[in-house]
Each structure stands twice: as structure tokens, then as C-alpha cells.
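Reader: Could you take me through this one? I'd like to begin with the strands and then move on to whatever packs around them.

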Amino acid sequence: MIQDEIRKLKEEQGAVILAHNYQIPEVQDIADFVGDSLELAIKAKEATADVLIFCGVEFMAETAKILNPSRKVILPVENAGCPLADCLTPEMVREARARHPDAAVVLYVNSTIESKAEADITCTSANAVEVVRSLAEETVLFGPDANLAHYVAAQVPEKMVIPLPEGGHCPVHRKYTLADVEAGHARGDAVVCHPECDPAIQEASDLIASTGGMARQAHLHQNWTVLTEEGMAYRLGRLFPDRTFHAVEGVVCEDMKRTTLEDVLRALETGEYEVTIDDEVAARARTAIERMIALRG
Ligand code: MLT
């Protein structure tokens with residue numbers, strides 16, 4: 001079985017497999033650790049294994065490499081990207097900073113490494129509110145997801161949160177509609193949505209949470225409709241086998257779904273694709289990422 005081959009090679013090489021909550025079920029099942037981007041970043045930082053096989057998308061594997069540069073970090077598929085990350089360039093961050101010199105720049109980890117290098121601090125959907133609250137500055141340039149910016153602004157009304165760019169969004173979370181919320185409620189489910197969903201969906205849902213937050217709060221109800229990439233419904237089902245989690249069919253992140261077991265095996269066999277980052281960019285991005293990690297307890 002391919003799973004046995006993966007386990008054997010993994011042991012021989014002293015590798016660990018980290019997988020995001022949105023990965024396909026088979027990849028989640030073979031992973032040593034499954035989590036959201038904050039949990040994965042912390043795992044990567046603390047990892048003592050020589051090789052980290054990172055099943056996710058580029059910006060996550062880059063974050064792992066930045067936090068633990070002496071490890072070999074491998075992304076099993078090349079160019080597993082993120083359209084949300086690509087919608088913000090470092091030039092846009094610099095221009096916004098010039099227009100708002102007193103503002104702090106908070107970038108969601110779903111951003112390119114070059115943009116992170118321009119940020120004061122990064123955040124994930126799990127800690128965005130905490131990060132913004134922690135800042136001394138009253139004005140915050142927040143990018144690249146405008147819906148997450150809206151959510152943070154509602155939670156931290158004492159700050160002025162300016163989305164950067166205007167209208168930055170995740171094309172997957174944008175697919176949910178109010179009809180999905182209504183269908184969930186008609187089934188008798190509690191509806192949980194990700195803060196990358198449109199504000200109208202956030203308002204109509206019973207809970208707004210990052211995927212890590214969903215895992216922590218799923219015990220609150222018996223039946224859920226889960227408005228985030230469908231891999232999360234599988235993850236929740238594994239964590240809470242006595243509860244039901246309905247995903248909306250067809251709302252899938254193609255980049256997250258590209259990694260297969262064959263890719264994981266090939267990554268172990270060939271060492272491809274190793275993540276490398278320019279030293280100067282890495283040093284600047286590390287400051288912003290480490291500042292976020294330092295906020296934790
Ligand atoms: C992440 O932070 O991993 C993504 O925003 C999805 C989530 O966990 O909420």
C-alpha cells in the first residue's frame with residue numbers, strides 16, 4: 001500500500017508530514033499533524049525532524065521554512081498557490097504605508113513572502129482579532145482579505161481598520177451564498193462560516209470561526225453546516241464522529257486539493273520541491289511572523 005511506503009520512507013529520513021485542514025482525506029490521514037495555518041506554523045517552528053513535508057500551499061510552506069530555516073521544507077506539488085495571496089503586491093503595501101504613515105500594517109499569512117516582508121506583523125484567521133487588539137496604533141492597514149478585515153473591524157471597534165487592497169477576497173469563500181445558510185438552517189443545523197465569507201453570510205451564520213476555531217467549538221452543537229473549504233467537514237467528522245458536518249458540495253480550493261498520496265511519496269523519494277527563500281526577504285518577513293507567534297500565551 002502507498003501509505004506503507006510513505007511511512008517507511010518517512011521514518012528512514014526522519015521526516016514529518018504536516019497537512020492543512022483543507023487537504024484531501026487521504027493526505028490528512030497519513031499526516032503526523034493536521035491543523036490551521038497558525039497551528040502548522042507553530043508545529044513547524046518547534047519541529048526537530050530533519051525534513052518537513054508540508055501538504056498545503058506555498059505561503060504556508062514558506063512560513064514553515066522561515067520559522068525553522070535549518071530544516072528542509074518540501075512542498076510536494078510545485079506552484080500550489082493562493083489567488084488571495086497574489087492579489088496584494090509589496091508595492092501596494094508600500095504605497096498604502098506612504099498614504100497612512102501612522103498606521104500599522106497587518107498582513108494575513110495568506111500573502112506572499114515579499115508582501116510579508118513589508119508588514120509590521122502577520123496574523124491568521126485564528127488570531128487576527130488578538131493581533132489587531134495588541135497594536136498601539138489606532139489605524140491598521142489590513143490585507144489582503146477584505147472580509148476578514150470587516151470581521152476584525154467589527155470585533156475591535158476602537159481601531160480604524162482599512163482593507164488593503166479594497167475588495168481582496170478568497171475566490172473559494174466568495175462562492176457561498178445566503179441560500180447555503182438558509183439550507184443549513186432548514187436542515188436544523190447550526191451554521192458556522194469562515195471570516196473570509198462575505199459580511200452578509202457572517203451576519204446570517206450562528207458562528208464565525210477559523211478552521212482551528214471550528215474544531216474548538218464544534219462540541220457546541222450536534223449538527224453543523226460548515227461554510228469553508230470542504231476538507232474541513234472531513235476533519236471535523238474525524239474529530240467528532242458522533243456529530244454531523246455538512247459541507248456545500250463543489251466549494252473546493254483547487255490548489256489545496258492538488259496534493260495526492262502519490263505526490264507525498266514522490267516528495268519523500270526525490271526531495272522535491274524544496275522551499276528556498278531569499279535571505280534578505282526572509283529576514284524581514286521573519287520579524288513580522290515572529291511578532292505574531294510571540295503573542296501566543
Ligand atoms: C488558515 O488560517 O489556515 C486558513 O485561514 C483557514 C483557517 O484555518 O481558518
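Author: A definition helps before the strands: two strands pair if DSSP finds at least two bridges between them. This is a predicted model, and in it four bridges join β11, residues 223-227, to β12, the two strands running parallel.

Reader: Which residue stands opposite H246 of β12 there?

Author: That is T225.

Reader: And in what order do the strands of that open sheet come?

Author: The order is β10-β9-β11-β12, four strands with parallel pairing. The edges are taken by β10 (207-208) and β12 (244-247), and because each has a single partner strand, one side of each is left without a neighbour in the sheet.

Reader: Which helix lies across β9 and β11?

Author: Helix α10, residues 178-186, lies across both β9 (190-193) and β11, and its direction makes an angle of about 170° with that of β11.

Reader: Switching to β1, which strands does it pair with?

Author: With β3 it pairs in the parallel sense over five bridges, A15 having V51 of β3 as its bridge partner. Three bridges also join β1 to β2, residues 33-35, again running parallel, and here the bridge partner of A19 is V34 in β2. Together with helix α2 (residues 25-30), β1 and β2 make a β-α-β unit that is right-handed.

Reader: Why call β1 largely enclosed?

Author: Five of the six residues of β1 are buried, so the rest of the structure largely encloses the strand.

Reader: What about α4, how many of its residues are buried?

Author: Nine of the ten residues of α4 (58-67) are buried, so to speak of a mostly covered helix is fair by the definition of buried, under 20% relative accessible area. The buried residues include F59, E62, K65 and L67, and the elements that cover them include β1, α3 (37-46), β3 (51-55) and α15 (279-294).

Reader: Which residues touch the most other members in the largest nonpolar core?

Author: They are V106, F142, V152 and L227, in a core of 80 residues. Leaving aside residues up to four places away in sequence, V152 touches A128, V129, V132, F142 and V161. There is also a second, separate core of 20 residues, with A19, A31, C55 and L261 among them.

Reader: Last one: is P241 buried or exposed?

Author: P241 is exposed, with a relative accessible area of 68%, and its place is in the loop between α13 (231-239) and β12. Its C-alpha atom is separated by 35 Å from that of Y273, which is 32 residues apart from P241 along the chain.

Technical notes. Residues numbered from 1 in each chain as written. Predicted model: local features only at pLDDT ≥ 70, side-chain atom pairs only at ≥ 80, totals over all residues. Heavy atoms only, no water. Core = buried A, V, L, I, M, F, W, Y, C linked by side-chain atoms within 4.5 Å. Buried < 20%, exposed > 50% of the residue type's maximum accessible area, 1.4 Å probe, protein only. Contact = heavy atoms within 4.5 Å. Axes fitted to C-alpha atoms, helices over the stretch in contact; angles between N-to-C directions. Right-handed = clockwise from strand over helix to strand, strands pointing away.
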